[in-house]
Amino acid sequence: MKKIVILLTTILISVSAFAQNTRWFQSTAFAYREAYSSTWSDWQPSNVKICFDFTNQTITIYSPQVQIYKVIRQVPAPKDNSGYQEKYLVMDPNGFYYYVRLRIENSGYSQLYVDANDASIVYNVRRI
C-alpha cells in the first residue's frame, strides 16, 4: 500500500510539473496602437489561442498570421496593487525584439500585450 501511495504521489507531481511548463489562453478581443499615438483602436472580436511553452522557451499566438516568439529572458514588471504582471523580452524569427506582457488583474480579468518599437497589440484573454 505504501508503494502505491508513493507511486501515485510521484505521478501527480510529474503531471503537475509538466502542466506548469505550458499555459494556454484564448483571446476574446484585441486592439492596437501605433507608437506615435496615445490612443488605442476600438476593440475587435478575436478568437485566437496563445501558448506559453516554457519547455521550449516560446510564446506562440495562433492568429491568422502565426506569431512565434523565442523567450530571451523574463524581465521585472511594474508593481501594481490591482493585479500582477509577467514581462518577457522575446525575439521573432526575423531577429526583431519585442516585449510580451501578461497582465492578470486581481478580479481575474487578463490581458496580453505585445509591444514593439512602432506599435503595440493587446488581447483580452482567458486561461483555458
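## Overall architecture

Read along the sequence, the protein chain of this predicted model follows the pattern α-β-β-β-β-β-β-β-β-β. The protein chain thus contains 1 helix and 9 strands, and of its 128 residues, 36% are buried. The sections below take up the pairing of strands, the contacts between charged side chains, the aromatic rings and, finally, some residues at the surface.

## Strand pairing around β6

Strand β6, which covers residues 83-91, pairs in the antiparallel sense with strand β5, residues 67-75, over 5 bridges. Within this pairing, Q74 stands opposite Y88 of β6. Strand β6 also pairs with strand β7, residues 97-105, again in the antiparallel sense and over 9 bridges, and here V90 has Y98 of β7 as its bridge partner.

The hairpin formed by β6 and β7 has 5 residues between the strands, and in this hairpin G95 takes a positive phi near 90°.

## Salt bridges

The structure holds 4 salt bridges. One of them joins the side chains of E86 and R23, with an N to O distance of 2.6 Å. Because E86 belongs to strand β6 and R23 to strand β1, this pair ties together parts of the chain that are 63 residues apart in sequence. Both partners are buried by the cut-off of under 20% relative accessible area: E86 has a relative accessible area of 7%, and R23 has a relative accessibility of 11%.

A further salt bridge is made by the side chains of R103 and D80, at 2.8 Å from N to O. Since R103 lies in strand β7 while D80 lies in the loop between β5 and β6, the pair ties together parts that are 23 residues apart in sequence. R103 is buried, with a relative accessible area of 9%, whereas D80, at 34% relative accessibility, counts as partly exposed. R103 also forms a salt bridge with E105, in which the closest N and O atoms are 3.1 Å apart, and E105 is itself partly exposed, with a relative accessible area of 23%. Through shared partners, these salt bridges join D80, R103 and E105 into one network.

## Aromatic rings and the charges over them

A search of the whole structure finds 8 aromatic pairs. One of these is formed by F30 and Y123, whose ring centres are 6.2 Å apart and whose planes stand at 40°, so the pair is classed as tilted. F30 lies in strand β1, residues 22-34, and Y123 in strand β9, residues 119-127, so that this contact ties together parts that are 93 residues apart in sequence. The two residues can also be described by their exposure: F30, at 26% relative accessibility, counts as partly exposed, while Y123, at 5%, counts as buried.

Elsewhere, ring pairs link F25, F52, F54 and Y88 into a cluster. Y88 is the residue of β6 that stands opposite Q74, and F52 has R23 lying over its face, at 5.3 Å from the ring centre. R23 therefore takes part in two kinds of contact, since it lies over the ring of F52 and its side chain also meets that of E86 in the salt bridge which ties strand β1 to strand β6. A charge is likewise placed over a ring at Y113, where the charged end of R101 sits 4.1 Å from the ring centre.

## Surface and loop residues

A nonpolar surface patch of about 440 Å² is made by W24, Y62, V66, I68 and I128. Among these residues, V66 is found in the loop between β4, residues 58-61, and β5. V66 has a relative accessible area of 44% and is partly exposed, which puts this residue over the 30% relative accessible area that membership of a patch requires.

Another loop residue, N47, is found between β2, residues 44-45, and β3, residues 49-53. At 63% relative accessibility, N47 counts as exposed. The C-alpha atom of N47 is separated by 9.3 Å from that of V125, although the two residues are 78 residues apart along the chain.

Methods. Residues numbered from 1 in each chain as written. Predicted model: local features only at pLDDT ≥ 70, side-chain atom pairs only at ≥ 80, totals over all residues. Heavy atoms only, no water. Pairing = 2+ DSSP bridges. Helix = DSSP H or I, 4+ residues; strand = E, 2+ residues; numbered from the N terminus. Patch = residues over 30% accessible without salt bridge, like charges linked within 9 Å, V, L, I, M, F, W, Y side chains within 5 Å. Areas by Shrake-Rupley, 256 points an atom, 1.4 Å probe, with all protein chains shown as cover. Buried < 20%, exposed > 50% of the residue type's maximum accessible area, 1.4 Å probe, protein only. Phe/Tyr/Trp six-rings, centres within 6.5 Å; stacked < 30°, edge-to-face > 60°. Lys NZ or Arg CZ within 6 Å of the ring centre and 35° of its normal.
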